[in-house]
Amino acid sequence: MRKQMIRICGLLLSGCMLCSCNILPTEEEFDAAPLVKEYEGNDYNKYTVVRGDMVQKESISASYQGTTRAETTGEGSGYRIKRVAVKKGQRVEVGDVLVENHLAEQEKTIKSSRRQIESLELQIRQARQMKNQELKKLEALGGTKKQKENIRSQYDSQIKNCETSLKLVRLDLKSAKEEIEENNVTSDIDGTVTKVDNSFNGGYATDEDVLVVVQGKKRNRFRAKTSYASYFKEGQKVMITCGGHQYRVSVRHGDEKDIVYFYPSVELSMKNGSQGVIELILKEKKGVLYLPASLVYEMGDKKVVYVEDANGVKTIREVSVGEQIDNLVEITNGLQENEQVITS
């Protein structure tokens with residue numbers, strides 16, 4: 001028993017001496033590091049550390065607005081056209097009537113109402129005249145107060161009935177006019193009438209039949225509605241791509257906070273509504289080393305990557321990182337350009 005105890009104590013003493021001489025391995029520096037896969041041969045992928053520009057962009061769509069032009073067609077309303085109400089060369093404003101439609105019932109109501117209004121107004125005037133004449137006659141004959149009150153009551157009642165009827169007829173007239181006005185075609189823009197087709201007056205037109213064309217002012221600009229409007233500075237010069245061509249444009253802000261306009265330096269000849277794209281740079285770092293952020297791992301308070309040295313040994317390398325832009329992260333220390341980082 002005593003010999004066994006001596007043997008155990010000897011082994012423990014030898015172990016302590018080996019540790020003090022660093023013969024046995026010490027605790028790894030990255031005790032929280034994930035396991036590194038044992039790679040064999042070339043059965044894994046690597047990423048080459050590169051130096052370049054990290055850029056975060058947003059594509060902003062903008063619609064071209066050239067010369068404002070509005071066409072009035074039959075619109076498939078089913079109404080018979082009464083007449084085209086404008087002439088070629090005439091200046092019009094928003095809301096001016098371009099085409100009057102024929103609404104038979106409403107026009108019949110208007111004619112009838114106007115006749116009734118004339119008749120009722122005449123009856124009211126005559127009743128007032130008769131009342132005054134009767135009162136004067138009684139005054140000359142020495143009529144009594146009661147006789148005068150009877151005459152006033154008789155004619156005032158008649159006048160009141162006519163006035164009540166007059167109000168109702170006027171309401172009918174107003175309603176019919178409003179219906180006709182609502183169905184008339186009005187101008188959506190300020191401008192000059194450049195085309196008029198009167199051949200459909202009294203008939204019907206389809207969606208393809210152009211009755212009136214109004215041409216407004218020349219805008220020559222692109223319009224964008226975007227939540228990134230504030231990123232553009234007034235007067236800033238940017239490039240817009242449209243139809244495979246690039247144009248240099250100046251920035252102007254609209255009245256609404258999410259509206260921005262882009263004005264070309266030259267007059268463009270393109271169709272209204274043509275779509276252009278501005279590449280807005282949100283963040284940018286030039287000439288830096290970077291990696292995909294997915295290749296940088298967290299180990300406690302450290303950032304590390306898996307690398308392979310010139311001898312093919314796979315190790316963990318601590319790195320320092322800078323700004324992350326989209327899925328790329330800047331490497332500020334720990335790696336050199338063209339080194340290989342293990343990806344899988």
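Contact here means heavy atoms within 4.5 Å. Keep that in mind for what follows. One more caution: this is a predicted model.

Let me start with a single residue, Lys 131. Lys 131 sits in helix H2. Is Lys 131 buried or exposed? Its relative accessible area is 17%. The cut-off for buried is under 20%, so Lys 131 counts as buried. And what does Lys 131 touch, leaving aside its neighbours within four places in sequence? The partners are Ile 151, Arg 152, Tyr 155 and Asp 156.

Two of those names come back in helix H3. Ile 151 and Tyr 155 are among the buried residues of H3. The rest of that buried set is Lys 148, Ile 159, Cys 162, Leu 166, Val 169, Leu 173, Ala 176 and Ile 180. What do the buried residues of H3 pack against? They pack against H2.

Now the helix itself. H3 runs over residues 145-183. That is 39 residues. From first C-alpha to last, H3 reaches 57 Å. The expected span, at 1.5 Å a residue, is 57 Å, and H3 comes close to that.

Next, the largest pocket. H2, residues 104-141, and H3 each supply at least two residues of its lining. Which element gives the largest share? H2 does, with 4 residues. The space in this pocket is about 190 Å³. Here is the lining: Lys 82, Glu 100, Glu 107, Ile 110, Lys 111, Arg 114, Lys 177, Ile 180, Glu 181 and Asn 184. Ile 180 we have met already, as a buried residue of H3. By class, the lining has 7 charged residues, 2 nonpolar and 1 polar.

On to the cysteines. How many disulfides does the structure hold? The count is 0. Take Cys 162 in H3. Its relative accessible area is 7%, so Cys 162 is buried. Cys 242 is at 6% relative accessibility, so Cys 242 counts as buried too.

Last, the whole protein. There are 3 helices and 17 strands. The protein has 344 residues, and 32% of them count as buried. Then the contacts. Take those with a separation of 6 or more. Residues 24 or more positions apart account for 72% of them.

To recap: Lys 131 lies in H2 and is in contact with residues including Tyr 155. The buried residues of H3 pack against H2. Both helices help line the largest pocket.

Key. Residues numbered from 1 in each chain as written. Predicted model: local features only at pLDDT ≥ 70, side-chain atom pairs only at ≥ 80, totals over all residues. Heavy atoms only, no water. 1 Å grid on protein atoms, 1.4 Å probe; cavity = no way out; pocket = protein on both sides within 12 Å on 5 of 7 lines; lining within 4 Å. Points joined across faces, edges and corners; volume = space filled by probe spheres on them. Nonpolar A, V, L, I, M, F, W, Y, C, P; charged D, E, K, R; others polar. Disulfide = S-S within 2.5 Å. Buried < 20%, exposed > 50% of the residue type's maximum accessible area, 1.4 Å probe, protein only. Expected span 1.5 Å × (residues − 1).
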